[in-house]
Each structure stands twice: as structure tokens, then as C-alpha cells.
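Visitor: I am new to this structure and should like to learn how to read it. Might we go through its features one at a time?

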Amino acid sequence: MDSFNIRGGVPLKGDVTISGAKNSVLPIMAATLLTRETCVITRVPNLSDVKFMADILRSLGAEVAFKGDTLTVKAERVSGVGDYEMVRKMRGSICILGPLLARLHKTKVSLPGGCVIGARPIDLHLKGVRALGAKIRIEGGYVCVNAPRLTGAEVFLGGRSGPTVLGTANVLMAATLAEGVTVIQSAACEPEVVDLANFLTSMGARIQGAGSPTMTVHGVKELHGAEHEVIPDRIEAATFMIAAAATGGEVTLHGVRADQLTAVIDKLREAGVRIERSGALLKVSRGRKLKPVDVTTLPYAGFPTDVQAQMMVLMTLTPGISIITERIFESRFMHVSELARLGAEIAIEGPSAIVKGGAPLSGAPVMASDSRASAALVIAGLVAEGTTQVNRIYHIDRGYESIDDKLRSLGARIQRVEES
Ligand code: EPZ
């Protein structure tokens, strides 16, 4: 398995362009199954998760072609079974459930299973499609869904941790071709859900309230092909903002939607990071003195759980006590033990991590876990004295396009070591 070798101590300087959003393009790729016509998606990030989703679409019978950052999909004929092994390997692929149900009225998709950050149940996804008239049975690790007719309904999709992003996406996509009106209450408000809704609208869907907790969908007979440019990846942007501040450099991010980063910008400014905005540019540098902060992850527009690990690294560099509380996933502190190997002092108390910051980090071999935690370890390596080896970097390649190339262009001493 490949790894990154990082020699720390270089402040990042220069310009970086943010790629299209992984968590937007995956459901949008699934949505292309809703029409027989051709869809063209641009600003598609070159990620292993995107390639994987493309393989899943092909396994369902769709024609899929990439040309640079443009993806063309034509799902003229579609079969109804999501490949067991494929769907199990990538949780995000659960979002083929809604489109397949709407298109074929019958499908079988493997239960996605849990991952390092939590159990990742799909009870709310199933509650939503059941409300639209689907009959569901779990058999042999598959969820088998059958709905001769999909009928609009009112459904509350809030769970114990708040709304569900992909659950909202699944129900939204199924509702676009249901008969009648669907009202989704406690819908996820993430920008990626709004991006999906915009794509569906360009295909002829009738959706109101995207980005608000109540979405209303008037079902239509069919959807047509469309073109769509994916929104920039706010999580990648936040990651580079924190890397700039952590290394004491100055980085200008290009192609950013600052309006989708308000909680991150607010918290980083509170922590002493200097952030200047002009249009789609964000210039980020460390201010005079970093200050400890308290952070709680929340559903959008709160502080994103996908930026929790990266923020923790910045807090390990900040003299004083910071508290980071994870309210979305039940076990998203895998990076804590790895950061401790670099000298960080962090204690976990239930859903909170108490960070005693200020001690310098020193390089060591560390293990990546989920995509975002792995990016946090890279940031730590950029700051630590000496060399840090981040192993199992396939996790990073799932969620970040060419992160080593982008960091090298900012002056980082990072090399990809391919395991022979
Ligand atoms: C999406 O996952 C993102 N993934 C995640 O990003 C992100 O962390 C998460 O939303 C929260 O923002 C993609 O979009 C591909 P949820 P999703 O359903 O939709 C519970 C990354 O690194 N829940 O919003 O799967 C669940 O256990 C990834 O880019 C239920 O209880 O997350 C969690 O506690 C990691 N029942 C909470 O809701 C359900 O049926 C939020 O999960 C569904 C979810």
C-alpha cells in the first residue's frame, strides 16, 4: 500500500485551485440513472471514489466516459442489482437506491455496512422510501426494495444525530418520479444536497425548498438529460485553509464558495487565522497568535464533521486547552491516537476531545483511517519536525484530488512512495 513521506517545517505559500466536491458528484452520478438521456457533468474531481461510482454505473448497464474533468453518462438501459461487493466497499454508493427504485420500481442493493467512523445505518433511507410506497426486505446482506407505484408522501427524515445527507438524497431522487407531492421534513441542508436538487431541476424535476429543512417535490412523468457543473469541495477548501494556518504560510485558494464555509471561516478567525475574501478567492495565513477554541460539529450550516480532524491538528499547535466535540458520528476520533504518536496531547472524554496544545510535533510513521482523518495526519506531518510517513494513503485518494501535487506546488516536501 502506498504511503506519503513528509518532511515538515515548510510554510505553505502560493495558490491552489479547489476541485469539484466529492460529496456532490457521487449523488449526482447516481441521479443520471433517472433518465435514458445523456447527462454531462463538469468539474468532476479525479478521485478513486468517483471512478468506483463510475464502475457501479457501468455494472448497472450505463455508458460512462471521462474526458478530463468532464463525465458523460447515458443510462439508456439499467439493470436493478447494485453489485454486492462494490456497494459494500463504498458507502456513498447507497445513493443508487433512490434512482433505481424510481426508474425500475424494484432493486436490490447491498447493505453498505459500517466503517471506521461509525455504524452508518440506513434506517432513515428505508423509512423514506417506505413512505413513498416501497416494500422492503433484508436478505443475504442485500436490501431488496419493491414499489410497483411510488406515491408522494410526507416524511420526517431526522435521526438521533439530525438530518441524513444521503438519506435526503435518496428520498429526493425517488420522489422526483413519484405520483403526487412529497414533503421531506428535517431534510439535510448541506450545499451538496442543494447541488443535487439543482441538477435534478435541470433534468425537469420540480423541487422547492432545497437547502431548507423542508423540501417539497412535485413528481413528474420522466426526466431528461442535462448538463451540470459540480460545486467546489468545501471540505478540501477547509483542509487547505487549515494547512496554510498550521504551517504558518500564506495560501490563496481559487474557485471557492466562501458562502458555504461560514462556520469554518468564523471558527478559524476566532482561532487567530487571518482570512481575506475577494469573490471566489480566499487568502489564508496564520495571524499573530493562535488562540484555543471550542468546536462542536453539527449539521450544516454548523461546523462540518468532515473538518473535525483537520481542526484538531491546528489546535495541537495552539498553546492552551481546546475542546472539540463530535456530534454527528459515534467514533470519529481514530486520528487522536495517531496524532499522539507525533507528540500531541489529547484526551478523549465521551464525544469530546480535550486538546492540550502548544507542544511541538515530531515526525513518526502514522496510519491513515478515514479520508478526512488521513488529511489531518498529512497536515500534522507538514508541521512536525523531521519526517512523517503516512501509511494507507488510499484513504486520502478517495476524497482528495492529487493532494500531494497540490501541496508540493505550495512548497511542501511530500513524496508518494509506491509500495513495490
Ligand atoms: C455524508 O454521509 C457524507 N458522505 C459524509 O462525508 C459526511 O460526513 C456526512 O454526510 C455528514 O455530513 C457523502 O456525502 C458521500 P449522514 P452520510 O446520513 O449521508 C446517522 C467524507 O469523508 N444516520 O448525514 O452517509 C449517521 O449514523 C464523508 O466525505 C442514521 O442514524 O451521513 C450519522 O450519525 C464521511 N440513519 C448521522 O446520521 C440513517 O439512515 C449523519 O449521517 C442515516 C444516517
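Guide: Certainly. Please note at the outset that this is a predicted model. Let us begin with a pair of helices: H1 and H7 are roughly parallel to each other, because their axes cross at roughly 30 degrees and angles under 35 degrees count as roughly parallel.

Visitor: How is such a pair described in general, and within what distance do the axes of H1 and H7 come?

Guide: Two packed helices are described by the angle between their axes and the distance between the axes. Here the axes of helix H1 (residues 22-31) and helix H7 (residues 191-202) come within 9 Å. The crossing of H1 past H7 is right-handed.

Visitor: Which residues of H1 and H7 meet?

Guide: From H1 come Asn-23, Ser-24, Pro-27, Ile-28 and Ala-31, and from H7 come Glu-192, Asp-195, Leu-196, Phe-199 and Leu-200. Sorted by class, this contact has 6 nonpolar, 2 polar and 2 charged residues.

Visitor: What is the angle at which helix H10 and helix H11 pack?

Guide: Helix H10 (residues 308-316) and helix H11 (residues 334-341) pack at about 30 degrees, and their axes are 10 Å apart. H10 is therefore roughly parallel to H11. H10 passes H11 in a right-handed crossing. On the H10 side the contact is made by Gln-308, Ala-309, Met-312 and Val-313, and on the H11 side by His-335, Val-336 and Leu-339. By class, the contact of H10 with H11 has 5 nonpolar and 2 polar residues, and no charged residues.

Visitor: Let us turn to the strands. In what order do the 4 strands of the open sheet lie?

Guide: To read a sheet, one may follow the order of its strands and then look at its edges. The order in this open sheet is S10-S11-S13-S12, with mixed pairing. Strand S10 (154-156) and strand S12 (206-208) stand at the edges; each has a single partner strand, so one side of each is left without a neighbour in the sheet. From one strand to the next, the twist averages 15 degrees.

Visitor: In which sense do S11 and S13 pair, parallel or antiparallel?

Guide: Strand S11 (residues 181-185) and strand S13 (residues 214-218) pair in the antiparallel sense, over 5 bridges. Within this pair, Thr-182 stands opposite Val-217 of S13.

Visitor: Which residues lie between S20 and S21, and how many are there?

Guide: The hairpin formed by S20 and S21 has 2 residues between its strands; Gly-350 in the turn has a positive phi of about 65 degrees. Strand S20 (residues 345-349) runs antiparallel to S21 and is joined to S21 by 5 bridges. Ile-348 has Ala-353 in S21 as its bridge partner. Strand S21 (residues 352-357) also pairs with strand S19 (residues 320-325), in the antiparallel sense and over 6 bridges. There, Ile-321 stands opposite Lys-356 in S21.

Visitor: Finally, single residues. Is Ser-285 buried or exposed?

Guide: The reading rests on relative accessible area. Ser-285 has a value of 4%, and is buried because buried means under 20%. Ser-285 belongs to strand S17 (residues 281-286). Leaving aside residues up to four places away in sequence, Ser-285 touches Gly-249, Glu-250, Val-273 and Arg-274.

Visitor: And is Glu-222 buried or exposed?

Guide: Glu-222 counts as exposed, because its relative accessibility is 63% and exposed means over 50%. Glu-222 lies in the loop between S13 and strand S14 (227-229). The C-alpha atoms of Glu-222 and Arg-43 are separated by 26 Å, and the two residues are 179 residues apart along the chain.

Notes. Residues are numbered from 1 along each chain as its sequence is written. This is a predicted model: local features need pLDDT of at least 70, side-chain atom pairs count only at pLDDT 80 or more; totals for chains, interfaces and linings use all residues. Side-chain values use heavy atoms; hydrogens and water are left out. Buried means under 20% relative accessible area, exposed over 50%, partly exposed in between (1.4 Å probe, protein chains only). Contact means heavy atoms within 4.5 Å. Axes are lines fitted to C-alpha atoms, for helices over the stretch in contact, and angles run from 0 to 180 degrees between N-to-C directions. Angles under 35 degrees count as roughly parallel, over 145 as roughly antiparallel, 65 to 115 as roughly perpendicular and the rest as oblique. A crossing is left-handed if the near helix is turned anticlockwise from the far one by less than a right angle, and right-handed if clockwise. Ala, Val, Leu, Ile, Met, Phe, Trp, Tyr, Cys and Pro count as nonpolar, Asp, Glu, Lys and Arg as charged, and the others, Gly among them, as polar. Two strands pair if DSSP finds at least two bridges between them.
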